[in-house]
Amino acid sequence: MSASKRKGTAWESAIVAYLTDNGVPHAERRTLAGAKDRGDIAGIPGVVIEAKSAARIDLAGWLDETEAERRNDRAPIGAAWVKRRGKASPGHGYVLMTGERFLRLLADAGYIPQPPVNDITPADGDLP
């Protein structure tokens with residue numbers, strides 16, 4: 001296994017441990033699925049998590065990848081969980097999502113009214 005792969009695996013495992021320690025008992029690493037990948041972390045219904053531990057920042061690329069995986073999973077929420085340089089805990093990492101996904105998260109959590117369907121791009125299959 002390459003050093004890069006080991007680093008990524010360690011970050012995914014750290015995220016899973018952080019989630020399980022904080023009330024997400026079914027969090028687990030997903031196996032790779034190629035073109036139909038559905039994110040790195042499973043265990044929260046309707047949420048896709050893509051774990052990123054990289055030396056070079058690529059926000060646009062990571063968002064594009066996360067959104068593709070969210071659509072593959074038919075999930076309403078997708079986020080990239082990015083390791084913060086010099087910090088080991090996922091609690092100190094960054095969570096990156098599109099503005100559309102953030103509004104969806106706020107609406108689903110009851111913080112704001114549900115916007116019209118065309119204001120938040122739904123996951124494939126969200127529409128009746």
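Is Lys 52 buried or exposed in this structure? With a relative accessibility of 14%, Lys 52 counts as buried, where buried means under 20% relative accessible area, exposed means over 50%, and partly exposed covers what lies in between, for a 1.4 Å probe and protein chains only. The model is a predicted one, in which local features need pLDDT of at least 70 and side-chain atom pairs count only at pLDDT 80 or more, while totals for chains, interfaces and linings use all residues. Residues are numbered from 1 along each chain as its sequence is written, and side-chain values use heavy atoms, with hydrogens and water left out.

A good place to start is helix H1, which covers residues 3-21; helices (H or I, at least four residues) and strands (E, at least two) are DSSP runs numbered from the N terminus. The expected span of a helix is 1.5 Å times one less than its number of residues, so the 19 residues of H1 should span 27 Å, and the end C-alpha atoms of H1 are indeed 27 Å apart, in agreement with that value. The buried residues of H1 are Thr 9, Trp 11, Glu 12, Ile 15, Val 16 and Leu 19. Because these residues fall within an arc of 160 degrees when H1 is seen down its axis, they line one face of the helix, the arc being that of the directions from the helix axis to the C-beta atoms. The face of H1 turned away from this buried side carries the exposed residues Ala 3 and Asp 21. On the buried side, the packing partners are strand E1 (28-29), strand E2 (41-42), strand E3 (47-52) and E4, with contact meaning heavy atoms within 4.5 Å. After H1 comes Gly 23, whose phi is positive, near 95 degrees.

From H1 the path leads into the largest nonpolar core, which has twelve residues in all, among them Trp 11, Ile 15, Ile 41, Ile 49 and Trp 81. A nonpolar core is a set of buried Ala, Val, Leu, Ile, Met, Phe, Trp, Tyr and Cys residues joined through side-chain atoms within 4.5 Å. The elements that give two or more residues to this core are H1, E3 and E4, and H1 gives the most, with four residues. Ile 15, leaving aside its neighbours within four places in sequence, is in contact with Ile 41, Ala 51, Trp 81 and Pro 90.

Trp 81 also takes part in an aromatic pair. Rings of Phe, Tyr and Trp (its six-membered ring) pair if their centres lie within 6.5 Å, and planes under 30 degrees apart count as stacked, over 60 as edge-to-face and the rest as tilted; by this rule the count comes to one aromatic pair. The ring centres of Tyr 18 and Trp 81 are 6.1 Å apart and the ring planes stand at 90 degrees, so the pair is edge-to-face. Since Tyr 18 lies in helix H1 and Trp 81 in strand E4 (residues 77-82), the pair ties together parts that are 63 residues apart in sequence. Tyr 18 is partly exposed at a relative accessible area of 31%, whereas Trp 81 counts as buried at 11%.

Charged side chains supply further links. A salt bridge is a side-chain nitrogen of Lys or Arg within 4 Å of a carboxyl oxygen of Asp or Glu, and by this rule the count comes to eight salt bridges. In one of them the side chains of Arg 29 and Glu 12 meet at 2.7 Å, N to O, which links strand E1 with helix H1 across 17 residues. Arg 29 is partly exposed, with a relative accessible area of 38%, while Glu 12 is buried at 11%.

Another salt bridge brings together Arg 38 and Asp 73 at 2.6 Å, N to O. Arg 38 lies in the loop between E1 and E2 and Asp 73 in helix H2, so this pair ties together parts that are 35 residues apart in sequence.

Lys 52, the residue of the opening question, meets Glu 65 in a salt bridge of 2.8 Å, N to O. Because Glu 65 lies in helix H2 and Lys 52 in strand E3, the pair ties together parts that are 13 residues apart in sequence. Glu 65, at 28% relative accessibility, counts as partly exposed. Salt bridges that share partners also join Arg 30, Arg 38 and Asp 73 into one network.
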